[in-house]
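The following questions and answers introduce a protein model to a reader who has not met it before. Each answer sets a value against the criterion behind the term.

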Amino acid sequence: MLGFFSYQTALVIGYADLTYNSALIGFASIVLFTPFFFIVVVEYVRKVRYKFQSIDDTLSAINKSNALIEFDQKGNIISCNEIFCEVTGYKEEELIGKHHQMFMPKSTNVDEYNQFWYDLKKGRIKYGEFKRINKKGEEFWIYGNYNPITNPYGEVYRILKIASDITAKKEIEFEVAKKNGYLEHAAKILRHDMHSGINTYIPRGLRSLKRRLTEDDIKNLKIESPLKMIQEGLTHTQKVYKGVKEFTNLVKKDTQLDKQEVDIKDILNSYLDSTSYRKQVIIENLGVLKVNEPLFCTAVDNLIRNGLKYNDSPTKYVRIYLEDKDTIVIEDNGRGMSQEEFLLLSQPYERREDQQEKGTGLGLNICISILKEHGYEITAEKLELGTKLRIKLK
């Protein structure tokens, strides 16, 4: 074909003469080139069609899973899909030609809103969470991307908005924020009002009562046992209060645990002394660690109680010891729990199918959270009889 076009060029400018043979060669060249040309054209058309089909498929997928709406550069609605209509409660014909402002809450700052559309007209993409108003005047939330579309001259002539309804997610966030507010308020009451009663007034009253009673009075009135129970109850309540107080401190933003170096065996023994299951717990030397004493004891105590609760052995026990310098082990002779079961049961309100005892799983979940706050990890291994829980300190 290169020779054919060269010869034709020579004919045009007068450097060659037209003969029968040259005409025959030209005809043959065209015939031979036609299939090649046809194949090239068909392949090009196929690729172009595939490209446009791919674009159409992508837009179709987006259209099926997102709320789509198009505006002109002034903010007037050009088109919208069914999902957008479902989210807002409008029909398409009710929206076409209307301005975007119809979705805005009355509290909208006018200057900020005008700046929003000014930026879009300048081709700046806008995205984020937005509060809007539906047809019934109710608030709803979307996560949206406003994408300015420009012509070959770089001018914005329409704006495509791709959005998803996140109202349910925002409602959960608001509910969590509200409950956190209640929790923070309860924490303030606990740290101040309850502190006085538990750590000041009741202990002072109990000491005053004991000063006024002689040993003979106590014996004659037969109140030795009640006084002992009150003292033990107060001591236990004070320990629980310390733990709860530390929990409430975690509610505060950017709070760090208040940790001190303590002998782990000593603090666990002290914590368990007032419990009914103290004799079923064997604690070996565990060394010195920097921990938040009330929270750490609460977490370990929860693991101990689980080891005794989910235990069908006639001689229930829990043994706590060091496996190595960086690993504390809590071992029981109960039903046994694998790592997979441990991860399942550490989720709130997850129970095993064969479990008879009542429970929410919150205790184990909180226990793991406490250990994570300390920088520790906990894993489970099912033994032939019982479970071995490993608390990795590093």
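Q: What share of the contacts between residues at least 6 apart in sequence join residues at least 24 apart?
A: In this predicted model, 54% of such contacts join residues at least 24 apart in sequence. The secondary structure comprises twelve helices and twelve strands.

Q: How do you know which residues of helix H9 are buried or exposed?
A: A residue is called buried when its relative accessible area is under 20%. In H9 (residues 264–272), Ile-264, Ile-267, Leu-268, Asn-269, Tyr-271 and Leu-272 are buried, and therefore each falls under that cut-off. Their cover includes helix H8 (224–249), strand E6 (260–263) and H10. Across the 394 residues of the protein, 35% count as buried.

Q: What makes Asp-263 a cap of H9?
A: One of its side-chain oxygens lies 3.1 Å from the backbone nitrogen of Lys-265, at the N-terminal end of H9. A polar contact requires N or O atoms within 3.5 Å, so the pair qualifies.

Q: Why is a set of residues called a nonpolar core?
A: The name applies because buried nonpolar residues are joined through side-chain atoms within 4.5 Å. The largest such core has 39 residues, and Ile-264, Phe-296, Ile-304, Ile-320 and Ile-391 touch the most other members. Helix H10 (residues 293–309) gives the most to this core, with eight residues. A second, separate core of 23 residues includes Ile-69 and Tyr-113.

Q: What makes up the nonpolar surface patch of about 340 Å²?
A: Ile-125, Tyr-127 and Tyr-143 form this patch. Patch members must have over 30% relative accessible area, so these three residues exceed that value.

Terms used. Residues numbered from 1 in each chain as written. Predicted model: local features only at pLDDT ≥ 70, side-chain atom pairs only at ≥ 80, totals over all residues. Heavy atoms only, no water. Patch = residues over 30% accessible without salt bridge, like charges linked within 9 Å, V, L, I, M, F, W, Y side chains within 5 Å. Areas by Shrake-Rupley, 256 points an atom, 1.4 Å probe, with all protein chains shown as cover. Salt bridge = Lys/Arg side-chain N within 4 Å of Asp/Glu carboxyl O. Buried < 20%, exposed > 50% of the residue type's maximum accessible area, 1.4 Å probe, protein only. Helix = DSSP H or I, 4+ residues; strand = E, 2+ residues; numbered from the N terminus. Contact = heavy atoms within 4.5 Å. Polar contact = N/O pair within 3.5 Å; in protein donor to acceptor, adjacent residues only side chain to side chain.
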